[in-house]
Amino acid sequence: MAEKQAVGSINSREGETLKYTYPPETKADLDYADLVALDLSLFDSPRGVERLADQLKNAVENTGFFYITNFGLSQAEIDHQFAIAKEVFDLPLSEKLKYEANLEMDGYVGYRPSGNRELVPGVFDNIEVYGFDQFNSYRRRRELPPVVEQNLSSIEKVSRHLHIEVGGKLLRLISIVLGLPEDYFLSRHRYDHKGGCNLRYLKYGARSAEEVEKLGETPSVRGHTDFGTLTFLLRQPVAGLQVNTPDGQWKYVKAHPASITVNVADMMDFVTGGYLRSSVHRVLSPPADQARLDRIGVVYFLRYEDDVALRRVDSPILKDWGSRSRLGEASGITAGEWVKARTSDNAKMTAIYLNHEPQVAGGIKVKNYA
Ligand SMILES: O=C(O)CCC(=O)C(=O)O
Ligand SMILES: [Fe+2]
C-alpha cells in the first residue's frame, strides 16, 4: 500500500535514512477552485515584482487562496519534513503523550492527540498535531521526541525559511499592493522577536468505511479562518481541503505541482478591513480512492509579533474601502492576545462542536461555518 512505503528509522541521524513517499493523487473529478500560482523567482527582477504584486492583488481580492512556486526549498528538504512528521506520528500514543502540548499555556507546541471533538454522534476527530514555536530566544526548552531532537536543525531551517524568505517576500508584495512602505509588514514580523508563529505537522488518520459512512459530508475540520497573517500549506496529495469562494461555494484546493498553498488569515483581514480576506476553509474526508490513506500535512502559520496592536493600516488603497471584514474591528487588541483567545477557544471546543454558535475570542465574535 502506498502509505506504507514511507520508511525511516527513529535512530537515523540528520539527513540519513529518513525518506517519505507520497501517496498518489486522487482520480476523482473534484470541483477545484481556480487559483493563481505566483512564481517567486520573478522576485529577482523589478518588472517581476510588479507582476507578482498584480497577481497577488487579484488573488487576495478573490478567494484569498493562492499557490506559490520556486519558493527556495528543495523537494528533498520538504520530503524530509514529511518524513519526520510521519516518524513522530508513528510513535506509540503513550510515547507521544509525553510531549503533549499545553494549549492554554503555549498553544500548539508539542503533541496534541486526536479525538477531542465529536463530529457526529460516535465519530470523533482524527487529527493529531505536533507543533513548534519559533526558534529564537523566546523558545521554551522542552523534551522532544528523539527523531525531532536529531533533526532539529533542519526543522529550524525550514521554519526560518518559510518565515523570513517566503513570508518576507509575500509581506513585501502585500505592502506594495497596499501602497505602504515595503518594510511595513516585515518590520512587524521579525523572526527573532516574541511571536506566535507555528510550524506544525498534522496527521488526519485514515478512517474505517463505517466511520466514513457515518460522517458523510461532515467535515473533519469545519469551516474556519486561521488566526495569523498568512498560512503556508506545503503540498501534499490527499484531497479534502476546500475554500469558500466569495459567492459562497465550497471548492477543492488542488495539490498544485511543487507548490505551497497560501491563505490569508485573520490578522491581515483585521488590519485591511477585509480587503485581504481571511478565507473560510474546511477539510472533508478524502475521496473514495484516498479514503484509506493517512493525510500528513506540514503547515506554517505566520503571525504578527505578539505585541503588535491590530489596528487598521493607513493605506491609500483602502481610503474608500470602508470595512468589509467579517471579523469586525480588532480595535487595538494585540496579536498575542488574539492568538491566545482563539487558541483557548479551540481548546474548549469539545462540547460545543456540534452547534454553530459564534465563539467569542478577545471580545470579537468568531463565526463557525458548516
Ligand atoms: O489540512 C489542511 O489542508 C488544512 C488545515 C487547516 O486548515 C488548519 O490547520 O488550519
Ligand atoms: Fe486553517
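What is the volume of the largest pocket? The legends below take you through this predicted model, one close-up at a time.

**View 1. The largest pocket and its lining.**
The largest pocket has a volume of about 520 Å³. Its lining is made up of 28 residues, and those closest to the pocket's centre are Asp106, Lys194, Gly195, Gly196 and Asp306. Try tracing the chain around this pocket: helix H4 (103-106), S7 and helix H9 (335-347) are the elements that each give two or more residues to the lining. By residue class, the lining holds 11 charged, 9 polar and 8 nonpolar residues.

**View 2. The iron ion and its protein donors.**
Here you can look at the iron ion, which is ligand 2. Its protein donors are His224 through NE2, Asp226 through OD and His281 through NE2, and they lie 2.1 to 2.2 Å from the ion. Read along the chain, these donors follow the spacing H-x1-D-x54-H. His224 belongs to strand S8 (residues 221-224) while His281 belongs to strand S13, so this pair ties together parts that are 57 residues apart in sequence.

**View 3. The shell of residues around ligand 1.**
Which residues surround ligand 1? They are Leu202, Tyr204, His224, Asp226, Leu233, Leu241, His281, Val283, Arg295 and Phe301. You have already met His224, Asp226 and His281 as donors of the iron ion. Sorted by class, the shell has 6 nonpolar, 2 polar and 2 charged residues.

**View 4. Polar side chains facing ligand 1.**
Now look at oxygen atoms of ligand 1 and their side-chain partners. In the side chain of Arg295, an N or O atom is 2.8 Å from an oxygen atom of the ligand. For Asp226, the distance from a side-chain N or O atom to an oxygen atom of ligand 1 is 3.1 Å. A polar side-chain atom of His224 also lies 3.1 Å from an oxygen atom of ligand 1. On its own, ligand 1 has 300 Å² of accessible area, and the protein covers 88% of this. Strand S7 (198-204), strand S13 (281-283) and strand S14 (295-302) are the elements that give two or more residues to the shell.

**View 5. The second largest cavity.**
How many cavities of 30 Å³ or more does the structure hold? There are 4 of them, and the second largest contains about 110 Å³ of space. This cavity is lined by 14 residues, of which Asn126, Gly205, Arg207, Ser285 and Pro286 are the closest to its centre. Its lining divides into 8 nonpolar, 4 polar and 2 charged residues.

Conventions. Residues numbered from 1 in each chain as written. Chains lettered and ligands numbered in written order. Predicted model: local features only at pLDDT ≥ 70, side-chain atom pairs only at ≥ 80, totals over all residues. Heavy atoms only, no water. 1 Å grid on protein atoms, 1.4 Å probe; cavity = no way out; pocket = protein on both sides within 12 Å on 5 of 7 lines; lining within 4 Å. Points joined across faces, edges and corners; volume = space filled by probe spheres on them. Nonpolar A, V, L, I, M, F, W, Y, C, P; charged D, E, K, R; others polar. Near = heavy atom within 4 Å. Polar contact = N/O pair within 3.5 Å; in protein donor to acceptor, adjacent residues only side chain to side chain. Areas by Shrake-Rupley, 256 points an atom, 1.4 Å probe, with all protein chains shown as cover. Helix = DSSP H or I, 4+ residues; strand = E, 2+ residues; numbered from the N terminus. Donors = N, O, S within 2.8 Å, 3.2 Å for Na, K, Ca; no water.
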